[in-house]
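Trainee: I would like to take a close look at one part of this structure, the place where two helices meet. Could you please describe that part for me in detail?

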Amino acid sequence: LNEAVSLLQEMSKEHKSWEEILTKPDILSDYVSSFFGKDGPYPINDYQSKLNFENAKLIADQVNKIHQVKNELKKISDNNHNLNTNQSRLIESQKILKKGK
């Protein structure tokens, strides 16, 4: 029972620490900066970091190209829609003119 009480007290203390970190922007900022800084607890291998950056850049470039193609296809689709609408109007106008003769 004493072990359980001790464990709960430790958990409560840890919870309070996290609550303070997460509710006070200055403390959170300091924590995040130290965590991801060069002296953080999980240093990143330079080679892996560069490789990840290059892969991320390639993926970002591909996503940008996909968005460009998507936008071009939308423009083409819009133009086709406008052409079809104009063609339909022209056909209707021709029908009206034929009826009027």
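**Where the two helices meet**

Mentor: In this predicted model, the contact is formed by Trp 18, Glu 20, Ile 21, Leu 22 and Thr 23 of H1, which meet Pro 25, Ile 27, Leu 28 and Tyr 31 of H2. Sorted by class, the residues in this contact of H1 with H2 are seven nonpolar, one polar and one charged.

The geometry may be considered next. Two packed helices are described by the angle between their axes and by the distance between those axes. Helix H1 covers residues 2-23 and helix H2 covers residues 25-36; their axes come within 5 Å and cross at roughly 100 degrees. Angles of 65 to 115 degrees count as roughly perpendicular, and H1 is therefore roughly perpendicular to H2.

The surface completes the picture. Trp 18, Leu 22, Tyr 31, Val 32 and Phe 36 make a nonpolar surface patch of about 520 Å². H1 and H2 are the elements that give two or more residues to this patch, and the largest share, three residues, comes from H2. Tyr 31, which has its place in helix H2, is among the residues that meet H1 and is also one of those that make the nonpolar patch. Trp 18 and Leu 22 of H1 likewise take part in the contact with H2 and in the patch.

Notes. Residues numbered from 1 in each chain as written. Predicted model: local features only at pLDDT ≥ 70, side-chain atom pairs only at ≥ 80, totals over all residues. Heavy atoms only, no water. Axes fitted to C-alpha atoms, helices over the stretch in contact; angles between N-to-C directions. Helix = DSSP H or I, 4+ residues; strand = E, 2+ residues; numbered from the N terminus. Parallel < 35°, antiparallel > 145°, perpendicular 65-115°, else oblique. Contact = heavy atoms within 4.5 Å. Nonpolar A, V, L, I, M, F, W, Y, C, P; charged D, E, K, R; others polar. Patch = residues over 30% accessible without salt bridge, like charges linked within 9 Å, V, L, I, M, F, W, Y side chains within 5 Å. Areas by Shrake-Rupley, 256 points an atom, 1.4 Å probe, with all protein chains shown as cover. Salt bridge = Lys/Arg side-chain N within 4 Å of Asp/Glu carboxyl O.
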